[in-house]
Amino acid sequence: MALSPTQRSELTITASTVAARPRIDYPSRPSQPPRDFITLLPPELVSHILSYLPYPTLARASCVSKAWRAIIDSDAVLWRDLLKNTKIWFGGESEDAFANSIYARRRRELALNPRPAKALPLPHPYKILFKSRHLTRTRWVQNPEPKHVSFPAHGSSVVTCLIFSHGRIISASDDHSIKVYSPSTGEQLLQLQGHEGGVWALAASKDTLVSGSTDRTVRIWDLNTGKCTHIFGGHTSTVRCLAIVKPEWVDVEDENGVVRKEKWPKRPLIVTGSRDHSLRVWTLPRPDEPEYRSYNPDDHDADPSEACDTDENPYHRLHLEGHEHAVRALAARGRTLVSGSYDSTVRIWDIITGGEPKWVLKGHSQKVYSVVLDLGRNQACSGSMDGTVRVWDLRTGDCRHTLTGHTSLVGLLGLSPSHLVSAAADSTLRIWDPDSGELQFPLAAHTGAITCFQHDEFKVLSGSDGNLKMWNIRDGQVVRDLLTGITGVWQVVFEGRWCVAASNRQDTTVLDVWDFGLENDEDWVGEPPNGIYDDEDFEEDDEEDEGAYKIKRLMEIQDEEDDEQEQADVDAMDQDLVPSETESLEIVDMSGSQEDSVIPRRSTGKRAEPDGDIDIDDDSRASASAGGLDSDTDTMSQTEPRWEPPYTRASSPSQPARSSRHARTAAAPSPSRRPYLASASLLPPPQDETPTRPRIRNPNSRRQR
């Protein structure tokens, strides 16, 4: 653009004027180093600023420096707000339980491996929870090809129970066995044998497994060794349901109406329900407490319901009677137990004081098949053959809601912080609001009765004839089919990245395992389906009850017997006369002698009666199986007993082997009904012992006191 002569003249004058002005030299400021505002601002303001950042940006920001990582990872308010803003905060109870579990796990790890003094602070549990829930919400939908392994299990028998606990798959069957598998490889890690009937109830806590069977016994197993450490008798029919009740803080209202927090129970308990119309409460044995067997498992003529007295069992606490028919389902937390029975009633019990039930809830017109306990809302829910679900008030015993819509037996119930899910024989599932009782979504895509399901706050997995489906719990739509074209699905469980299903294909039982995680998802921590963790180590309350006294007394007796046996071993080594292999001992009364003399005598060559270990062909065992998932008939009256391979522990110089002795408690048992305290054999196991040819000990060979 060309300038006119006038404009050119004005520009020249202006430039000259500016150039003629004196130059002002301002003092130069020294260069300032950049300031890290994240480390300088107050923590509250930093949390507020960071709360505007999405998760991917926060993840990148934590990589800027160690200081930024320490601030971001340890900010509880930041991650709590992020959980709420992304709608994966579920009220606070489940979040607090997760945080307490992480803290307990860290305490154990720090006790073994102290952290360096200059190490970065560990991330707050809410950050771990956010990442785990974020992965749970996205990976299960967006991972099109999760890792998948299948392997046979239990022959062609029905899988009656399936749980996933501490990286183990544990399955039980009506073939009398329990098996433990690795989820990553499908390798069978353990086979737990001993029950003489189908196993219909399982629960696990850390390295301890509890099982209930049609043989009327409750057994405790060590999942590290596969050893059966305890056998509890007392029920006179099938043990159909059980639960482990772990200590937790619960609201307790006193006589004046004052509500306060108390931890109940003081130590973990076992609750069992049976077809004998009753429930029993037991103390869950600790690993360092004495082994106990209500009867000698080597005595195959013994009846578990008649050969034992629960008064002699130091682990037995309560016998709850009142139901008029079989106990089909139970749920317990804190000190509250809810039981459902074929007598069409639901009963509420106090598992600490026992006695009469607090409430007898009547309203169902037919058998009760399922119950759940919702302590947060102070209510319990029950499903019945009458096709309804009832919600009961634990304070008053009144029925808050009657949920209708199912047209057949409601056999399964599940509860999460925001959803109550019911499954019925009418081939549908229904999602309810546990607060209002309103129906949120019906899930109707199956063609047969629902045989199993599990849900969380994101999804529902359900099995029926021919397929296993995954649903979005927030809109009720099918997300994907995990299994199709099979005979039936018996059980399904999931936790975190893992999903396990037991199904039948061409008369073969198969376990399918899916891993929805990717290579960088190692810190994906799953939440247990019931929201109860067992990472915390609980210490028993200072106040001792009768059960605690009996257990301590049993430990003292066992220590005394160990001392006696050690002294007996020393005395035996000090004997001057040691017979050879071809000699036997004969006690001869020497006339005129003040004591008996032991004289060696040559063997006559006659074959002695067997008094040690006898091999029995496995083919001689009789077998039995239940007719179906709900065929929980007591098989003891129909089948021969299955023999249990006795557990043998080799003795060592530092640990002398214990002899077989009867367990004694504070109240001495009668000679005819004395419990059996298993111990290691003094003899090494025979070389030809195999899993299919177990070693059977003659009970008459045990040294009696």
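**Close-up 1. K261 and D251 form a salt bridge between two strands.** K261 is exposed, and so is D251. In this predicted model, the closest N and O atoms of the K261–D251 salt bridge are 3.1 Å apart. The pair links distant parts of the chain, with K261 in strand β12 (residues 259–264) and D251 in strand β11, 10 residues apart.

**Close-up 2. E248 and R333 meet in a salt bridge.** Here the closest N and O atoms of E248 and R333 are 2.6 Å apart. E248 belongs to strand β11 (residues 248–253) and R333 to strand β17 (residues 327–333), so this salt bridge ties together parts that are 85 residues apart in sequence. Are these two residues buried or exposed? E248 has 15% relative accessibility and so counts as buried. R333 is buried too, with a relative accessible area of 17%. Look for E93 as well: E93, E248 and R333 are linked in a network of salt bridges.

**Close-up 3. D374 and R377 form another salt bridge.** The closest N and O atoms of D374 and R377 are 2.8 Å apart. D374 counts as buried because its relative accessibility is 7%, under the 20% limit. For the wider picture, the model has a count of 26 salt bridges.

**Close-up 4. Strands β2 to β5 make an open antiparallel sheet.** The four strands of this sheet follow the order β2-β3-β4-β5, and their pairing is antiparallel. At the edges are β2 (159–165) and β5 (188–192), each of which pairs on one side only. From one strand to the next, the twist averages 15°. Zooming in on one pairing, β2 and strand β3 (residues 168–173) run antiparallel over six bridges. I163 stands opposite I170 in β3. As a general reminder, strands of a sheet pair through backbone hydrogen bonds, either parallel or antiparallel.

**Close-up 5. Strands β21 to β24 make a second view of an open sheet.** Which order do the four strands take here? The order is β21-β22-β23-β24, with antiparallel pairing. The edge strands, β21 (368–374) and β24 (399–403), each pair on one side only. The twist in this sheet averages 15° from one strand to the next. Strand β23 (residues 389–393) pairs with β24 in the antiparallel sense over four bridges. One place to rest your eye is R390, whose bridge partner in β24 is T402.

**Close-up 6. Several helices contribute to the largest nonpolar core.** This core holds 23 residues, and L50, L58, I72, W79 and F98 touch the most other members. At least two core residues come from each of α3 (43–50), α4 (55–61), α5 (66–73), α6 (76–85), α7 (93–112) and α8 (125–142). Which residues does L58 touch, leaving aside those up to four places away in sequence? L58 touches L50, L53, I72, L78, W79 and L82. In soluble globular proteins, nonpolar side chains tend to be buried together.

**Close-up 7. T217 is a buried loop residue with a polar contact.** Where does T217 sit? T217 is found in the loop between β7 (208–213) and β8 (218–222). Its relative accessibility is 0%, so T217 counts as buried. The T217 side chain makes a polar contact with the side chain of D215, at 2.8 Å.

How values were computed: Residues are numbered from 1 along each chain as its sequence is written. This is a predicted model: local features need pLDDT of at least 70, side-chain atom pairs count only at pLDDT 80 or more; totals for chains, interfaces and linings use all residues. Side-chain values use heavy atoms; hydrogens and water are left out. Two strands pair if DSSP finds at least two bridges between them. Axes are lines fitted to C-alpha atoms, for helices over the stretch in contact, and angles run from 0 to 180 degrees between N-to-C directions. A nonpolar core is a set of buried Ala, Val, Leu, Ile, Met, Phe, Trp, Tyr and Cys residues joined through side-chain atoms within 4.5 Å. Buried means under 20% relative accessible area, exposed over 50%, partly exposed in between (1.4 Å probe, protein chains only). Contact means heavy atoms within 4.5 Å. A polar contact is a pair of N or O atoms within 3.5 Å; within protein, one must be able to donate a hydrogen and the other to accept it, and residues adjacent in sequence count only if both atoms are side-chain atoms. A salt bridge is a side-chain nitrogen of Lys or Arg within 4 Å of a carboxyl oxygen of Asp or Glu.
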